[in-house]
Amino acid sequence: MKISARNTLKATVKKVMPGAVNTEVTLELAPGVEIVAIITKSPAESLGLAEGKEAYAVVKSSDVMVAVD
């Protein structure tokens with residue numbers, strides 16, 4: 001895989017919740033560390049996303065916010 005985005009996080013698919021138009025995908029980066037993505041239904045199907053499958057969270061954004069308590 002070659003991609004221009006610099007932020008790729010290897011993960012395991014924990015949950016796939018398909019809807020009428022979009023699919024919510026929960027990825028587990030490490031035990032107890034999850035990230036959720038909403039993608040359109042067609043790509044979710046073509047990627048063959050299923051629980052336990054290895055996948056990557058790819059983050060490409062012009063803005064990243066940082067906060068502290």
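Two strands count as paired if DSSP finds at least two bridges between them. Strands themselves are DSSP runs of E with at least two residues and helices are runs of H or I with at least four, both numbered from the N terminus. The model used in these exercises is predicted: local features need pLDDT of at least 70, side-chain atom pairs count only at pLDDT 80 or more, and totals for chains, interfaces and linings use all residues. Residues are numbered from 1 along each chain as its sequence is written, and side-chain values use heavy atoms, with hydrogens and water left out.

**Exercise 1. Get an overview**

Task: describe the protein by its secondary structure, its span and its share of buried residues.

Solution:
- Step 1. The protein has 1 helix and 4 strands, which follow one another along the sequence as β-β-β-α-β.
- Step 2. The C-alpha trace spans about 35 × 30 × 25 Å along its principal axes.
- Step 3. Of the 69 residues, 16% are buried, where buried means under 20% relative accessible area, exposed over 50% and partly exposed in between, with a 1.4 Å probe and protein chains only.
- Step 4. From the record, an unreviewed UniProt entry, comes the annotation "domain: Mop" for residues 2-68. UniProt positions follow the numbering used here, feature names are shortened, and annotations may be inferred rather than shown by experiment. The span of residues 2-68 is 9% helix and 52% strand, and its end C-alpha atoms lie 33 Å apart.

**Exercise 2. Build the sheet**

Task: in what order do the 4 strands of the open sheet stand?

Solution:
- Step 1. Begin with strand S1 (residues 7-18), joined to S2 by 6 bridges in an antiparallel run. Val13 faces Leu27 in S2, and a hairpin with 3 residues between the strands is formed by S1 and S2.
- Step 2. Move on to S2 and S3, an antiparallel pair with 8 bridges. Thr23 stands opposite Ile39 in S3, while Glu24 has Ile38 in S3 as its bridge partner. The S2 and S3 hairpin has 2 residues between the strands, and Gly32 in the turn has a positive phi of about 80 degrees.
- Step 3. Add S4, which pairs with S1 in the antiparallel sense over 6 bridges. Here Ala11 has Ala55 in S4 as its bridge partner.
- Step 4. Put the pairs together: the order is S3-S2-S1-S4, with antiparallel pairing. S3 and S4 are the edge strands, each pairing on one side only. On average, neighbouring strands of this sheet are turned by 45 degrees against each other, direction ignored.

**Exercise 3. Explore the largest pocket**

Task: which strands each supply at least two residues of the lining of the largest pocket?

Solution:
- Step 1. Set the terms. On a 1 Å grid over the protein atoms alone, a pocket is an open set of points with protein on both sides within 12 Å along at least five of seven lines, and lining residues have an atom within 4 Å of a point.
- Step 2. The largest pocket holds about 360 Å³ of space. Its lining has 15 residues, with Leu27, Ala55, Tyr56, Ala57 and Val58 nearest the centre.
- Step 3. Strands S2 (22-30), S3 (33-40) and S4 (54-59) each supply at least two lining residues. S4 gives the largest share, 6 residues.
- Step 4. By class, the lining has 13 nonpolar, no polar and 2 charged residues. Ala, Val, Leu, Ile, Met, Phe, Trp, Tyr, Cys and Pro count as nonpolar, Asp, Glu, Lys and Arg as charged, and the others, Gly among them, as polar.

**Exercise 4. Place Ser61**

Task: is Ser61 buried, partly exposed or exposed?

Solution:
- Step 1. Look in the segment after S4, where Ser61 is found.
- Step 2. Ser61 counts as partly exposed because its relative accessibility is 47%.
- Step 3. Ser61 and Leu27 are 34 residues apart along the chain, and 19 Å separates their C-alpha atoms.

Definitions and conventions
1 Å grid on protein atoms, 1.4 Å probe; cavity = no way out; pocket = protein on both sides within 12 Å on 5 of 7 lines; lining within 4 Å. Points joined across faces, edges and corners; volume = space filled by probe spheres on them. Axes fitted to C-alpha atoms, helices over the stretch in contact; angles between N-to-C directions.
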